Amino acid sequence: MSRPRIAVAATAPFGADVLERLAVRFDVACLLTRPDAPRGRGRKLAAPPAKGVGERLGLPILQPERLEPGLDLDAPVVVICAYGVLVPATLLAERLWLNVHPSLLPRWRGAAPVERAILAGDPDTGVTIHETIAALDAGPIAAQERFPIGAEDDAGAVYARAAGVAAGLLDVVLHDPAPRFTPQSDVGATYAEKIGPGDRQLDLDRPAPELVRQVRALSPHIGARTVLRGRPVTVWEATVGADGAFEPLEVQPDGGKRMPVDAWLRGLR
């Protein structure tokens, strides 16, 4: 069976993971990703995660500041996954753009679907493959698959599971010469706003299970923030203790490394 030719538009780690999986199954013509940008404390110019994968795979890489009509992508279909750029309607009209969204649309349209699902205590989530249209994550659906969110899953684990599911769904959709699209309902639509500074702050007066969900939702890529023993820390792992209280397990003091909370406490003494 011939391998369908596609282009991939991806930037973030989730997109990088999906790109790596798609390269095994498809003829990837090129990677469309965002320009290198200053990152970290030193504000040094750094490549987006998907670019590192694209370079390792030997793909042609496009990093335009703006998307213009006639962009040479050398493929009839573009798979978008955590690209982070609005595609103009003029470009959408040139070919089929398929979006990989890690939620059960129409639930959690928007920037942070996995994080919001965990924060809300959703028992499950999934992946939706839909046509990209001008409206945010509202295009007709080609495929969708549900999977549970485990009691100890953090966002990283859910994104990894979603990447594997996405590759499998795209394998079916892109090998179908005439994939069917079902209009997406707006009934039950919710919006997954980008995680902001307020979402990171742990209010230690809240119930412990909610705090643990917050830590899981923001790990391993954002981090929940609080003050312990008078010191500001990022909490990367936590549990509900035997007494029902919130119990941090892994922390990172400002300017330091991640470590078990016991090791951090010994350092304080």
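Start by selecting P106, in the loop between strand 7 and strand 8 (109-110). This is a predicted model. Look at the backbone just before that proline. The peptide bond from L105 to P106 is cis, and omega is near 15°.

Next, go to P220. This proline sits in the loop between helix 7 and strand 12 (224-228). The bond leading into P220 from S219 is also a peptide bond in cis, with omega near 10°.

One more backbone stop: D74. Find it in the loop between strand 5 and strand 6. Its phi is near 55°, a positive value, and D74 is not a glycine. For context, most residues other than glycine have a negative phi, and most peptide bonds are trans.

**The seven-stranded sheet**

Now show the strands as ribbons. Seven of them form an open sheet with mixed pairing, in the order 5-2-1-6-7-9-10. Which strands stand at the edges? Select strand 5 (61-62) and strand 10 (141-148). Each has a single partner strand, so one side of each is left without a neighbour in the sheet.

Keep the sheet on screen and add helix 5. This helix packs on the sheet and touches strand 1 (5-10), strand 6 (77-81), strand 7, strand 9 and strand 10. Sight along the helix: its direction makes about 145° with that of strand 10.

Zoom in on strand 7 and strand 9 (residues 124-131). They run antiparallel and are joined by four bridges. Pick N99 and look across to strand 9. Its bridge partner there is H130.

**Helix 1 against helix 2**

Select helix 1 and helix 2 (residues 49-57). Their axes lie 7 Å apart and the packing angle is about 20°. Angles under 35 degrees count as roughly parallel. Helix 1 and helix 2 are therefore roughly parallel to each other.

Turn on side chains at the contact. From helix 1, show P13, A16, L19, E20 and A23. They meet P49, A50, V53, G54, R56 and L57 of helix 2. Colour this contact by class, and you get eight nonpolar residues, one polar and two charged.

**The largest pocket**

Switch to a surface view. The largest pocket holds about 1400 Å³ of space. To centre the view, select A12, A82, Y83, G84 and A111. Of the 44 lining residues, these lie nearest the centre of the pocket.

Which elements each supply at least two residues of this lining? Highlight helix 1 (13-25), strand 7 (96-101), helix 4 (113-119) and helix 5 (155-175). Helix 5 gives the largest share, four residues. You have already seen helix 5 packed on the sheet.

Colour the lining of the largest pocket by class. Expect 27 nonpolar residues, ten polar and seven charged.

**The four-stranded sheet**

Move on to the strands later in the chain. Here an open sheet of four strands runs in the order 12-13-14-15, with antiparallel pairing. Strand 12 and strand 15 (259-260) are at the edges. Each has a single partner strand, so one side of each is left without a neighbour in the sheet.

Add helix 7. It packs on this sheet, touching strand 12, strand 13 and strand 14. The direction of helix 7 makes about 110° with that of strand 13.

Now select strand 14 (residues 246-253) with strand 15. Two bridges join this antiparallel pair. Pick V251, and find its bridge partner in strand 15, M259.

**The second largest pocket**

Return to the surface. The second largest pocket has a volume of about 290 Å³. What lies nearest its centre? Select E152, V212, R216, E237 and A238, which are among its 13 lining residues.

Two elements give two or more residues to this lining: helix 7 (208-217) and strand 13 (231-240). Strand 13 makes the largest contribution, with four residues.

Finish by colouring the lining of the second largest pocket by class. It has five nonpolar, two polar and six charged residues.

Terms used
Residues numbered from 1 in each chain as written. Predicted model: local features only at pLDDT ≥ 70, side-chain atom pairs only at ≥ 80, totals over all residues. Heavy atoms only, no water. 1 Å grid on protein atoms, 1.4 Å probe; cavity = no way out; pocket = protein on both sides within 12 Å on 5 of 7 lines; lining within 4 Å. Points joined across faces, edges and corners; volume = space filled by probe spheres on them. Nonpolar A, V, L, I, M, F, W, Y, C, P; charged D, E, K, R; others polar. Pairing = 2+ DSSP bridges. Contact = heavy atoms within 4.5 Å. Axes fitted to C-alpha atoms, helices over the stretch in contact; angles between N-to-C directions. Parallel < 35°, antiparallel > 145°, perpendicular 65-115°, else oblique.
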